[in-house]
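Q: I am new to this structure. Please pick one part of it and take me through that part closely.

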Amino acid sequence: DNRRRAELGLPPVKLRIGVHSGPAVVGNVGAPSRVNYTLIGETVNAAERLQTFGKELYKGASEVTVLVSGATVELAAGQGGEDIADSCTDTGEHVLRGLSAPMRVYRLGV
């Protein structure tokens with residue numbers, strides 16, 4: 001799509017993704033007249049903060065930025081995904097808005 005957009009003289013579409021692991025509440029939430037399928041919890045908030053941080057950390061550097069928490073990298077490695085660390089760049093520990101503790105952040109090489 002971005003190749004087509006470039007041919008038309010349009011700016012590229014940029015995508016940021018934040019991945020974090022942990023407990024969350026998932027399901028239909030709300031009053032009977034207004035039910036929404038949603039996710040809530042600190043895990044969801046942390047993933048959103050990672051996604052937002054991608055814009056700050058890599059201002060326009062690439063079309064796709066995927067940031068992964070240290071907790072997710074450790075969990076994946078413990079489940080046989082040792083090579084995930086090889087495909088990630090450690091960006092260090094960062095204090096993300098709204099979170100109480102610093103978080104180790106990795107950039108997934110895509």
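A: What follows is a close look at one sheet, then at what packs around it. Keep in mind that this is a predicted model.

Start with the layout. Four strands make an open sheet. Their order is S1-S4-S6-S5, and the pairing is mixed. The two edge strands are S1, residues 15-19, and S5. Each has a single partner strand, so one side of each has no neighbour in the sheet. From one strand to the next, the twist averages 25°.

Now take one pair. S1 runs parallel to S4, which spans residues 64-69. Five bridges link these two strands. One place to look is Arg16: its bridge partner in S4 is Thr65. In general, strands of a sheet pair through backbone hydrogen bonds, either parallel or antiparallel.

Next come the helices on this sheet. H2 packs on the sheet and touches S1, S4, S5 and S6. The direction of H2 makes about 140° with that of S1. H3, residues 70-78, also lies across S1, S4, S5 and S6. H3 runs at about 75° to S4.

Stay with H3 for a moment. Which of its residues are buried? They are Gly70, Thr72 and Val73. Seen down the axis of H3, these buried residues fall within an arc of 165°, so they line one face of the helix. The cover over the buried residues of H3 includes S1, S4, S5 and S6. Turn to the face of H3 that points away from its buried side: there you find the exposed residues Glu74 and Gly78.

Now go inside. The largest nonpolar core holds nine residues. They are Ala46, Leu50, Phe53, Tyr58, Leu67, Leu96, Leu99, Met103 and Val105. Two elements give two or more residues to this core: helix H2, residues 42-57, and strand S6, residues 103-108. H2 gives the most, with three residues.

Look at one core residue, Leu50. Which residues does Leu50 touch, not counting those up to four places away in sequence? The list is Gly18, Val19, His20, Leu67, Val68, Ser69, Leu96, Met103 and Val105. A second core stands separate and has six residues. Among them are Val68, Val73, Ile84 and Cys88.

Ile84 deserves a stop of its own. Where does Ile84 sit? Its place is in the loop between H3 and S5. Ile84 has a relative accessible area of 19%. The cut-off for buried is under 20%, so Ile84 counts as buried. Leaving out residues up to four places away in sequence, Ile84 touches Val73, Ala76 and Ala77. Ile84 and Val73 are 11 residues apart in sequence, and their C-alpha atoms are 6.8 Å apart in space.

Move on to the edge strand S5, residues 88-94, and to His94 in that strand. Is His94 buried or exposed? His94 is buried, with a relative accessible area of 17%. Its side chain reaches the backbone oxygen of Thr91 at 2.9 Å. Which residues is His94 in contact with, leaving aside neighbours within four places in sequence? They are Phe53, Leu57, Pro102, Met103 and Val105. Phe53, Met103 and Val105 also appear in the largest nonpolar core.

Two other spots help to fill in the picture. The first topic is a hairpin. Strands S2 and S3 form it, with two residues between them. S2 covers residues 25-31 and S3 covers residues 34-40. These strands run antiparallel and are joined by seven bridges. Gly30 stands opposite Val35 in S3. Ala31 has Arg34 as its bridge partner in S3.

The second topic is Asn2. Asn2 is in helix H1, residues 2-7. Asn2 is buried, with a relative accessible area of 16%. A polar atom of the Asn2 side chain lies 2.8 Å from the backbone nitrogen of Val13. Leaving aside neighbours within four places in sequence, Asn2 is in contact with Pro12, Val13 and Glu63.

To close, go back to the sheet. Its order is S1-S4-S6-S5. H2 packs on this sheet, and H3 lies across S1, S4, S5 and S6.

Terms used. Residues numbered from 1 in each chain as written. Predicted model: local features only at pLDDT ≥ 70, side-chain atom pairs only at ≥ 80, totals over all residues. Heavy atoms only, no water. Core = buried A, V, L, I, M, F, W, Y, C linked by side-chain atoms within 4.5 Å. Buried < 20%, exposed > 50% of the residue type's maximum accessible area, 1.4 Å probe, protein only. Contact = heavy atoms within 4.5 Å. Polar contact = N/O pair within 3.5 Å; in protein donor to acceptor, adjacent residues only side chain to side chain. Pairing = 2+ DSSP bridges. Axes fitted to C-alpha atoms, helices over the stretch in contact; angles between N-to-C directions. Arc of directions from axis to C-beta.
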